[in-house]
Amino acid sequence: MSATGNFPPAEAAKPAGEDREAAAGLSPERPRLVLITGLSGSGKSVVAKSFEDLGYYTVDNLPLPLLREFLERPGELVFGHERIAVVADLRAPGFAEEFPGLIAEIDRMDRGQASQGGQASQGGQTSRCHQPRPTVLFLEASDEVLVRRFSETRRPHPLAPDQPAIAGIRRERELLAGLRPRADLVFDTSQWSIHETRTQVYRAFALAGEEPEMVVSLESFGFKHGIPYGTDLLFDVRFLANPHFVEGLREQTGQDAPVLEYLRQQPDFEELISRLADLLAFLLPRYRRENRSYLSVAVGCTGGRHRSVAVCELLKQRLDACGWQARLNHRDIGR
């Protein structure tokens, strides 16, 4: 079983300006910095979460004075993180007017560092901008799609709180017209689902051989205490004989050897474990292929102390052996 999946071609993602892979060659001492911007409703939140899945430290909507300082020395302000993503857009006052100039200033500093061996001087002073230029990712979508998205969420456009969304969309497009050409990469998300948007981020910014982890959670529970909220896959193992009614086993749990030995004596138990493990071996790579970041698997018995606990323990061993590193939670084991 493999935790990796194959992504569809990223034909809609078009580089704009410098080679979008240039940042991949940064030395380990310098963080890789991505600046996410673009039109409201184009998917910046989805993209930010996708960077988090790739292990980026993500910051959203910094005020411009803080953004300037952050871009100049991200490694100092976010110590210990080699990859950082920052979302900046028109929510910040003065963004449209000041942001293109900020990027231009960073461009000049970066060129100055390159020409002077990394020491960019300004009036005899060494520049504080020790970091390479951020990779700028610009998100956009068609007017029709943006209007539909605002209608579906029932939220006003930030630039037109008391007007139709199209008025704010057109105004924002005008304000950002000068910024789009400065982007290193432009994503048009008009025809993309959330999953396709994530795929494009992974293809463009994941390191060679890297794919975001899908967290698999195994949870045992008792039906009499209710089904766990947010369960993706649920299995009922109440057909197994209940150790609760066996003298000496009631106070023990599915983690104890006598309970496990009792269950192993049942002819269906080992086959159940094998069939569930085979089913998960089939399903998990396919869920991963759909860019799922989390999958919850719940196993229930009557009280959540014996059968479901034992099944989850053995399934975790099988999944760990195949490289999935499942998380384990026994919700009702102490009841």
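Is K316 buried, partly exposed or exposed? K316 is partly exposed, with a relative accessibility of 21%. The legends below describe close-up views of a predicted model.

**View 1. A salt bridge within helix α10 pairs K316 with D320**. The closest N and O atoms of K316 and D320 are 3.0 Å apart. Both residues sit in α10, which spans residues 307–321. They are 4 residues apart, about one turn of the helix. D320 has a relative accessible area of 25%. This value lies between 20% and 50%, so D320 counts as partly exposed. K316, at 21%, falls in that class as well.

**View 2. Helices α9 and α10 pack at an oblique angle**. Helix α9 covers residues 269–289. Its axis comes within 10 Å of the α10 axis, and the two cross at roughly 50 degrees. That angle makes α9 oblique to α10. The crossing is right-handed. On the α9 side, the contacting residues are F269, L272, I273, S274, L276, A277, L280 and L284. On the α10 side, they are A310, V311, L314, L315, R318 and L319.

**View 3. E140 and R180 bridge distant parts of the chain**. Their salt bridge has its closest N and O atoms 2.9 Å apart. The partners are 40 residues apart in the chain. E140 belongs to strand β7, residues 135–140. R180 lies in the loop between α6 (165–175) and β8 (185–188). The relative accessibility of E140 is 13%, under the 20% cut-off, so E140 counts as buried. R180 is partly exposed, at 34%.

**View 4. R335 forms a salt bridge with D332**. The closest N and O atoms are 3.2 Å apart. The two ends differ in accessibility: R335 is exposed at 57%, whereas D332 is buried at 0%.

**View 5. Four charged residues form a salt-bridge network**. The linked residues are K44, D60, D89 and R91. Across the whole structure there are 13 salt bridges.

**View 6. N61 has a positive phi**. Most residues other than glycine have a negative phi. The phi of N61, which is not a glycine, is near 60 degrees. N61 lies in the loop between β3 (57–60) and α2 (64–72). Its relative accessible area is 29%, and N61 is therefore partly exposed.

**View 7. R154 also has a positive phi**. R154 is not a glycine, yet its phi is about 60 degrees. The residue is in the loop between α5 (143–153) and α6. R154 is exposed, with a relative accessible area of 78%.

**View 8. Two stretches have pLDDT below 50**. The chain averages a pLDDT of 81, and 81% of the residues score at least 70. Over residues 1–30 the pLDDT is below 50. Beyond near neighbours in sequence, this stretch has 62 contacts in the model. Residues 118–130 also have a pLDDT below 50. This second stretch has 23 contacts beyond near neighbours in sequence. Where pLDDT is low, predicted coordinates should not be read in detail.

How values were computed:
Residues numbered from 1 in each chain as written. Predicted model: local features only at pLDDT ≥ 70, side-chain atom pairs only at ≥ 80, totals over all residues. Heavy atoms only, no water. Salt bridge = Lys/Arg side-chain N within 4 Å of Asp/Glu carboxyl O. Buried < 20%, exposed > 50% of the residue type's maximum accessible area, 1.4 Å probe, protein only. pLDDT = per-residue confidence, 0-100. Contact = heavy atoms within 4.5 Å. Axes fitted to C-alpha atoms, helices over the stretch in contact; angles between N-to-C directions. Parallel < 35°, antiparallel > 145°, perpendicular 65-115°, else oblique. Left-handed = near helix turned anticlockwise from the far one by under 90°.
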